[in-house]
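Reader: I should like to examine how the terms used for this model are justified. Please begin with the ligand and the space around it.

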Amino acid sequence: MLKGKKIIVGISGGIAAYKAPSLVRLLVKAGAEVQCVATQHALEFVTPLTLETVSQHKVYSDLFSVNNDHTTQHISLKDWGDAMVVAPATANIIGKLASGIADDALSTLLVSFRKPLFLCPAMNTQMMECPAVQRNIKYLEREGVRFIDSPEGELACGTSGKGRMEEPEAIVAQLDRFFQKGALMGKKVLVTAGPTYERIDAVRFIGNYSTGKMGYALAEELAKEGAEVTLVSGPTHLEMSHPGVTLSKVESAQQMYELCTAAFPQCDAAILTAAVADFRPETTSDIKIKKANDTDGMTLNLVQTPDILASLGKMKQEGQCLVGFALETNNEVAHATAKLERKNLDFIVLNSLQDEGAGFGHDTNKVTILHRDGRMLAGFLKTKREVAQDIVKELVNSLPKPE
Ligand code: CTP
């Protein structure tokens, strides 16, 4: 999908700049045309000759050079590129962009660039955790800049943690995905999955039998259609490797609530499949609770957890689509319809525990989709992946159509 695309690679001055030639080479190999813009500091780590050899284009680094073909490159290159990726993106270049500072070739181009922009942060963990850097990242994310983060790992300064630049192969995979023509290209979708664990003491919790299979399958199918998926998952044994899915693991309903309410305003849709515990112990103990004697029982006072789906239903804005699941044992359609109304959903996916092969733990599921407008689509027993594909189709049809 990168074939024929024009990509600008921005390089700022961090040790990870040594990976920029590999990134350029991989992009060119994937069929993209690449032009590089580097800061003076970046050129301390990587030579213009290397970048020019792999990109087959001149490297731009000097704002006022008379030899520059693009003397006003912030005007001309910004029109040339279909997308831009800055790798590595230092705290400095992120800060400049967040503040609108344009004092060299790269920052000038960035401030004027209005097409899809990807930043690959690379810095020491303490710098990454600095509140000002985090504020800049959050601000830019809200403005539509896409961040390509790496998992935690070894850093050049000898420590280990967050701040490593993502590997060139993974960056190219993300860019490639971006240019794929899926029905959910450019859409952001939040998905919850799995059970929640509500802590009783140091060794015990209240949980349920959910395995997370439905939510993980759904997250992957959404990503295959091009969506940028945030998957908030309770404890499961499942793994997620699709580059379009960002996985955040939580334990309790409260933690899931906090991540979901923070993420939802930036999303086009949310599909909540998690089997969230409705109650948690009123108090928890940091040590193991002992039996008082050999005969007495124990009373656990439970209080309600936040209803995440209902909270998102209250936050929902025009154009956003909200989907819930309902697991019912009796009066299924009536109960699910009541939930659909009460939680302000666009449609609800009903699982009946009376159906064999449906519900927790199975690789199959049988669902009925109930729409707000009364439409009801009854399915038959399918794999969870096929059910996920059906739900993705419904979501695509429910989202506002592009003008
Ligand atoms: N849900 C949620 N937060 C909760 C409870 C449920 O987000 N605290 C979501 C689930 O992820 C699911 C939907 O609400 O999408 C319905 O969950 P379900 O357990 O069937 O319904 P409840 O609202 O908990 O109602 P009840 O237990 O009375 O059936």
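Author: The model is a predicted one. In it, the ligand takes up the space of the second largest pocket.

Reader: What makes the second largest pocket the space taken by the ligand?

Author: A molecule is assigned to a pocket if more than half of its atoms lie within 2 Å of the pocket's grid points. The ligand is assigned to the second largest pocket, so it meets that condition.

Reader: Which elements form the shell around the ligand, and which of them gives the most?

Author: H11, E17 and H12 each give two or more residues to that shell. E17 gives the most, with 4 residues.

Reader: How do you know which residues belong around the ligand, and which come nearest?

Author: A residue is counted if one of its heavy atoms lies within 4 Å of the ligand. There are 16 such residues, and Leu272, Ala274, Phe325, Lys339 and Lys343 come nearest. By class, the shell holds 9 nonpolar, 2 polar and 5 charged residues.

Reader: Why is the approach of the ligand to leucine 272 called a polar contact?

Author: The term requires a pair of N or O atoms within 3.5 Å. An oxygen atom of the ligand lies 2.6 Å from a polar backbone atom of leucine 272, so the pair qualifies. A polar backbone atom of phenylalanine 325 is 2.8 Å from a ligand oxygen atom, and for leucine 327 the distance to a ligand oxygen atom is 3.4 Å. Both values fall within 3.5 Å, and therefore these pairs are polar contacts as well.

Reader: What share of the ligand does the protein bury?

Author: The protein buries 78% of the 570 Å² that the ligand exposes when taken alone.

Reader: How much space lies in the second largest pocket, and what lines it?

Author: The second largest pocket holds about 930 Å³ of space. Its lining comprises 39 residues, with Ala274, Ala275, Val276, Phe325 and Leu327 closest to the centre. Helix H9 (213-224), helix H11 (308-315), strand E17 (321-328), helix H12 (332-342) and strand E18 (347-352) each give two or more residues to this lining. The classes are 17 nonpolar, 15 polar and 7 charged.

Reader: What is the volume of the largest pocket, and which element gives the most to its lining?

Author: The volume of the largest pocket is about 1600 Å³. Among its 44 lining residues, Glu141, Phe147, Asp149, Thr230 and Thr246 lie nearest the centre. H7 gives the most to the lining, with 5 residues.

Definitions and conventions:
Residues numbered from 1 in each chain as written. Predicted model: local features only at pLDDT ≥ 70, side-chain atom pairs only at ≥ 80, totals over all residues. Heavy atoms only, no water. 1 Å grid on protein atoms, 1.4 Å probe; cavity = no way out; pocket = protein on both sides within 12 Å on 5 of 7 lines; lining within 4 Å. Points joined across faces, edges and corners; volume = space filled by probe spheres on them. Nonpolar A, V, L, I, M, F, W, Y, C, P; charged D, E, K, R; others polar. Polar contact = N/O pair within 3.5 Å; in protein donor to acceptor, adjacent residues only side chain to side chain. Areas by Shrake-Rupley, 256 points an atom, 1.4 Å probe, with all protein chains shown as cover.
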